[in-house]
Amino acid sequence: MMLRHTLRALSVLLAVALAGPLTAQGAEAPTDGPRLGPVTNLPMPRFVSLKASEANVRRGPSLTHRIDWVFQRRGMPLLITAEYGHWRRVADRDGQGGWVHYTMLTGVRSVLVEADMLSLRTRPEADAPERAVLERGVVARLEACEAAWCELDAQGYSGWAPQEALWGASLDDVGR
């Protein structure tokens, strides 16, 4: 009983110690350039996608931390906001998130349609012919972005959509 209490206290202290530097690091990030992740040396924050059809979202960056919930949508875009070892702190479109093991994530990008009945166009132009229509909440693969348009592939339908109607694409994706 005493050992379990001691281990629980140590895990709480570890969580507090980890939260401090990560929060402070974000506050001290230089404004003249992108902040890089301490583990991957990749820009942060950055978008990724959920690789698995289920991924545990934990309160802290280890298997000993409690599972708060489970992401259950393969391909869902997520925003990485912190790194610690093999763990990534992620957030979904609603800002909900936690720590996920890096093997549950992929750099293959996807976006979430945020507009009702979004038209996929044949070219990145508002007056281009419509190729398909996507409903709000559809997850589509992000192929490329240029200017304010992104090329998507959604279950075999490909076309261009305005970037402002998507979550998971950023201005940094232009030219990608």
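**Exercises on a disulfide, two cores and backbone outliers**

The S-S torsion of Cys145 and Cys150 is about 100°, so this disulfide is right-handed. A disulfide here is a pair of cysteine sulfur atoms within 2.5 Å. The structure is a predicted model, in which local features need pLDDT of at least 70 and side-chain atom pairs count only at pLDDT 80 or more, while totals for chains, interfaces and linings use all residues. Residues are numbered from 1 along each chain as its sequence is written, and side-chain values use heavy atoms, with hydrogens and water left out.

**Exercise 1.** Determine how many disulfides the rule yields and whether Cys145 is buried or exposed.

*Solution.* Step one: the count comes to one disulfide. Step two: the bond joins Cys145 to Cys150, with S to S 2.2 Å. Step three: the classes are buried (under 20% relative accessible area), exposed (over 50%) and partly exposed (in between), for a 1.4 Å probe and protein chains only. Cys145 has 3% relative accessibility and therefore counts as buried; Cys150, at 0%, is buried as well.

**Exercise 2.** Locate the largest nonpolar core and the surroundings of Cys150.

*Solution.* Step one: a nonpolar core is a set of buried Ala, Val, Leu, Ile, Met, Phe, Trp, Tyr and Cys residues joined through side-chain atoms within 4.5 Å. Step two: the largest has 16 residues, and Val111, Leu142, Cys150, Leu152 and Leu166 have the most contacts inside it. Step three: at least two core residues come from each of β10 (110–113), β11 (118–121), β12 (130–134), β13 (139–146) and β14 (149–154). Strands are DSSP runs (E, at least two residues), numbered from the N terminus. Step four: a contact means heavy atoms within 4.5 Å. Leaving aside residues up to four places away in sequence, Cys150 touches, among others, Leu142, Trp160, Gln163 and Leu166. Apart from this core lies another, of 12 residues, including Met44, Val48, Val57 and Ile80.

**Exercise 3.** Identify the cis peptide bond and describe the backbone and exposure of Asn41 and Ala147.

*Solution.* Step one: most residues other than glycine have a negative phi, and most peptide bonds are trans. Step two: Met44 and Pro45 are joined by a cis peptide bond, with omega about -5°; Pro45 is in the loop between β2 (43–44) and β3 (46–50). Step three: Asn41, in the loop between β1 (35–36) and β2, has a positive phi of about 65°. Asn41 counts as exposed because its relative accessibility is 54%. Step four: Ala147 lies in the loop between β13 and β14, and its phi is near 50°. Ala147 is exposed, with a relative accessible area of 59%.

Terms used: Helices (H or I, at least four residues) and strands (E, at least two) are DSSP runs, numbered from the N terminus.
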